[in-house]
Amino acid sequence: MEELIREAAVKNRTALEPDDPVLILVTIMNRIVADQSDAIAKHLEQYKETHEDIADRWRRDATGTAERILNAALYAGRDSMEKGMTEGAAKVAEQFDEKLNRALALHKAEFRLAFREFKRSVGWLLAATGAVLAAAGAIVVWL
């Protein structure tokens, strides 16, 4: 308080006594300012906590939303890949089946031709064997 009296004396060129009503008013004002400062500090702390809570809730909501979007995109990508792989595998199987059928048809025709030749050859061989046996039988009978 003495410092305040000195400052007022220097700035205003007046002398104040410690029991001067102006000083009582200054003391009251200082008390009001101190009380208001404490109240403002408490309100600021509550404001800070409220905004931290809101920011934390927004962060959790944003994280959850981002996770849901990411999972949906991953599932869509996976489904798309599965569909592409299934379609690709079906096309490969279809092409393989077509080529196999063509190859079998080609070889089936070649096999039939070879089997006919074999039957013909066996037929001639059996005929020749029969002729030889008939000749041998004739010789045995003649002797």
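The exercises below work through the shape, the salt bridges and the surface patches of one predicted protein model.

In this predicted model, local features need pLDDT of at least 70 and side-chain atom pairs count only at pLDDT 80 or more, while totals for chains, interfaces and linings use all residues. Residues are numbered from 1 along each chain as its sequence is written, and side-chain values use heavy atoms, with hydrogens and water left out.

**Exercise 1. Describe the overall shape of the protein.**

Step 1. Begin with the secondary structure, where the protein has two helices and zero strands; helices (H or I, at least four residues) and strands (E, at least two) are DSSP runs, numbered from the N terminus.

Step 2. The radius of gyration, taken over C-alpha atoms, is compared with a globule rule of 2.2 Å times the number of residues to the power 0.38. For this protein the radius of gyration is 57 Å, well over the 15 Å that the rule gives for 143 residues, so the protein is more spread out than a compact globule.

Step 3. Taken along the principal axes, the box filled by the C-alpha atoms is roughly 175 × 25 × 25 Å.

Step 4. Finally, look at burial, where buried means under 20% relative accessible area, exposed means over 50%, and partly exposed lies in between (1.4 Å probe, protein chains only). Of the 143 residues in the protein, buried residues make up 4%.

**Exercise 2. Examine the salt bridges of Asp-35, Arg-60 and Arg-78, and say how accessible the partners are.**

Step 1. A salt bridge is a side-chain nitrogen of Lys or Arg within 4 Å of a carboxyl oxygen of Asp or Glu, and the structure holds six of these salt bridges.

Step 2. Asp-35 pairs with Arg-31, and their closest N and O atoms are 3.4 Å apart. Because Asp-35 and Arg-31 are four residues apart in helix H2, about one helical turn separates them. Asp-35 is partly exposed at 39% relative accessible area, whereas Arg-31 is exposed at 56%.

Step 3. Arg-60 and Asp-56 meet in a salt bridge with an N to O distance of 2.3 Å, and these two residues are likewise four residues apart in helix H2, so about one helical turn lies between them. Arg-60 is partly exposed at 46% relative accessibility, and Asp-56 is partly exposed at 30%.

Step 4. Arg-78 and Asp-79 form a salt bridge at 3.4 Å, N to O; Arg-78 is partly exposed at 41% relative accessibility, and Asp-79 is partly exposed at 40%.

Step 5. To complete the picture, salt bridges that share partners join Asp-56, Arg-59 and Arg-60 into one network.

**Exercise 3. Identify a positive and a nonpolar surface patch, and place one residue of each.**

Step 1. Patches are made of residues with over 30% relative accessible area and no salt bridge, with like charges joined within 9 Å and nonpolar side chains (Val, Leu, Ile, Met, Phe, Trp, Tyr) within 5 Å.

Step 2. Lys-108, Arg-112, Arg-116 and Lys-119 form a positive surface patch. Arg-116 belongs to helix H2, which covers residues 21-142, and Arg-116 is partly exposed with a relative accessible area of 49%.

Step 3. Ile-24, Leu-25, Ile-28, Met-29 and Ile-32 make a nonpolar surface patch of about 460 Å². Met-29 is found in helix H2, and Met-29 is partly exposed with a relative accessible area of 44%.

Technical notes:
Areas by Shrake-Rupley, 256 points an atom, 1.4 Å probe, with all protein chains shown as cover. Lys, Arg positive; Asp, Glu negative; His and termini not counted. Charge placed at Lys NZ, Arg CZ, Asp CG, Glu CD.
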